[in-house]
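Hi everyone, thanks for coming. I'd like to walk you through one structure today, so please have a look at the screen.

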Amino acid sequence: MRNSSMMLEHVLFLSIYLFSIGIYGPITSRSMVRALMCLELILNSVNMNLVTFSNIFDSRQLKGQILSIFVIGIVAAEAAIGLAIVSSIYRNRK
């Protein structure tokens, strides 16, 4: 139990660090691309928590991993749509 507790602490610390960077990014700059990247950092920290808690508390089922795959798919679609919007705005302003 000691190993999983240490792993949980390390992953939670890394997840909090990524989440904090993700929150700090849009506050300090107005760039849309940076805001999208920071949103991906936030969702990746959530994915880390999902997989870690799924492995520690219920290692026989893959609920956390499956949910994180859905989140990754949503993030990919969000990034594609967001970058398409940013490029169309840039093209129209030019």
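Before we start touring, one term: when I say that two residues touch, or are in contact, I mean heavy atoms within 4.5 Å. And please keep in mind that this is a predicted model.

Let's begin with helix H2, which covers residues 32–57. How long should a helix of 26 residues be? At 1.5 Å a residue, H2 should span 38 Å, and its end C-alpha atoms are indeed 38 Å apart, so the two agree. At the N-terminal end of H2 you'll find a cap: serine 31 places a side-chain oxygen 3.5 Å from the backbone nitrogen of valine 33.

Which residues of H2 are buried? They are Leu36, Cys38, Ile42, Ser45, Asn47, Thr52 and Ser54. Keep a few of those names in mind, please.

Now over to helix H1, residues 2–28, where phenylalanine 19 sits. Its relative accessibility is 37%, and therefore phenylalanine 19 counts as partly exposed; the buried class would need a value under 20%. What does phenylalanine 19 contact beyond its neighbours within four places in sequence? The partners are Ile42 and Ser45, and both of these appear among the buried residues of H2. Cysteine 38 is another one to look at: 19 residues separate it from phenylalanine 19 in sequence, and the C-alpha atoms are 8.5 Å apart in space.

Next stop, helix H3, running over residues 63–93. Serine 68 lies in this helix. Is serine 68 buried or exposed? With a relative accessibility of 7%, serine 68 counts as buried. Leaving out residues up to four places away in sequence, serine 68 touches Asn47, Leu50 and Val51. Of those partners, Asn47 is itself listed as buried in H2.

Phenylalanine 70, also in H3, gives another picture. Because its relative accessibility is 56%, phenylalanine 70 counts as exposed. Together with Leu62, Ile66 and Leu67, phenylalanine 70 forms a nonpolar patch on the surface, with about 420 Å² of accessible area between them. As a reminder about helices, there are 3.6 residues a turn, so residues three or four places apart point the same way.

Last one: isoleucine 85, again in helix H3. Isoleucine 85 is partly exposed, at a relative accessible area of 45%. Along the chain, isoleucine 85 and methionine 32 are 53 residues apart, yet 9.8 Å separates their C-alpha atoms.

That's my tour, thanks for listening!

Conventions
Residues numbered from 1 in each chain as written. Predicted model: local features only at pLDDT ≥ 70, side-chain atom pairs only at ≥ 80, totals over all residues. Heavy atoms only, no water. Patch = residues over 30% accessible without salt bridge, like charges linked within 9 Å, V, L, I, M, F, W, Y side chains within 5 Å. Areas by Shrake-Rupley, 256 points an atom, 1.4 Å probe, with all protein chains shown as cover. Salt bridge = Lys/Arg side-chain N within 4 Å of Asp/Glu carboxyl O. Helix = DSSP H or I, 4+ residues; strand = E, 2+ residues; numbered from the N terminus. Buried < 20%, exposed > 50% of the residue type's maximum accessible area, 1.4 Å probe, protein only. Expected span 1.5 Å × (residues − 1). Polar contact = N/O pair within 3.5 Å; in protein donor to acceptor, adjacent residues only side chain to side chain.
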